[in-house]
Amino acid sequence: MSVDIANESGQEVDEAALAAMARYVLDELHIHPLAELSVLLVDEKVMADLHQRWMGEPGPADVLAFPMDELRPPGPPHSGGARGDRTGQDGQEASPALLGDVVLCPPVAAEQAKEAQHSVADELELLCTHGLLHLLGYDHADDEERATMFSLQEQLLASWRATKTGGSDSEGRKGPG
């Protein structure tokens with residue numbers, strides 16, 4: 001899995017840890033191991049410009065996702081398939097793809113982390129996972145989609161954090177709106 005991280009935010013971020021988390025999430029979602037992802041960390045001005053240009057909304061967003069190749073969301077990460085099984089919901093072999101770009105804004109993440117009373121690293125992991133799910137076609141426009149996406153997001157984050165700590169993560173967080 002190729003995960004390129006470019007930090008243009010002016011803030012210190014553990015880029016290697018963020019890349020490892022993104023790789024873990026993509027692997028759990030059975031994305032082809034040759035898939036490529038770009039994660040861009042930007043400041044509030046750049047994020048506000050992107051947010052206005054692409055979403056028509058003022059102010060900086062916390063995360064934006066720009067998919068490149070049209071992808072089908074894979075089946076649930078723990079749907080009983082073998083760990084090495086790289087098939088989509090329709091049973092077809094997944095193919096390598098340029099997933100797209102996840103754009104994160106560490107200054108906004110820092111504000112949200114303070115409000116949520118957890119670390120900025122935890123917030124960036126949450127936002128990156130959220131962006132990855134958007135790249136893969138998940139959305140939260142209606143209640144059913146929201147429930148599906150946010151449940152999967154929480155599963156993935158809890159699983160990732162359990163691998164880091166050797167235990168389970170019992171913290172429940174909802175995520176970006």
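Two residues are in contact when heavy atoms of theirs lie within 4.5 Å of each other. In this predicted model, residues 24 or more positions apart account for 71% of the contacts in the protein that have a separation of 6 or more.

The elements behind this picture are 5 helices and 4 strands, and, read along the sequence, they follow the pattern β-α-β-α-β-β-α-α-α. The 4 strands form an open sheet in the order 1-2-4-3, with mixed pairing. Its edges are strand 1 and strand 3 (63-67), each of which pairs on one side only, and neighbouring strands of the sheet are turned against each other by 15 degrees on average, direction ignored.

Strands of a sheet pair through backbone hydrogen bonds, in either a parallel or an antiparallel manner. Strand 1 (residues 2-7) runs parallel to strand 2 (residues 36-41), with which it pairs over 6 bridges, and within this pair Ser2 stands opposite Glu36 of strand 2. Between these two strands the chain passes through helix 1 (residues 15-28), making a β-α-β crossover that is left-handed.

Toward the other edge of the sheet, strand 3 and strand 4 (residues 98-104) pair in the antiparallel sense over 5 bridges, and here Ala65 stands opposite Val102 in strand 4. Across strand 3 and strand 4 lies helix 2 (residues 44-55), which runs at about 50 degrees to strand 3.

Taken as a whole, the protein has 177 residues, of which 45% count as buried, while the area that the protein exposes comes to about 9,100 Å², with carbon and sulfur atoms supplying 49% of it.

Methods:
Residues are numbered from 1 along each chain as its sequence is written. This is a predicted model: local features need pLDDT of at least 70, side-chain atom pairs count only at pLDDT 80 or more; totals for chains, interfaces and linings use all residues. Side-chain values use heavy atoms; hydrogens and water are left out. Two strands pair if DSSP finds at least two bridges between them. A crossover is right-handed if, with the strands pointing away from the viewer, the path from the first strand over the helix to the second runs clockwise. Axes are lines fitted to C-alpha atoms, for helices over the stretch in contact, and angles run from 0 to 180 degrees between N-to-C directions. Buried means under 20% relative accessible area, exposed over 50%, partly exposed in between (1.4 Å probe, protein chains only). Accessible areas come from the Shrake-Rupley method with a 1.4 Å probe; for residues, only the protein chains shown count as cover.
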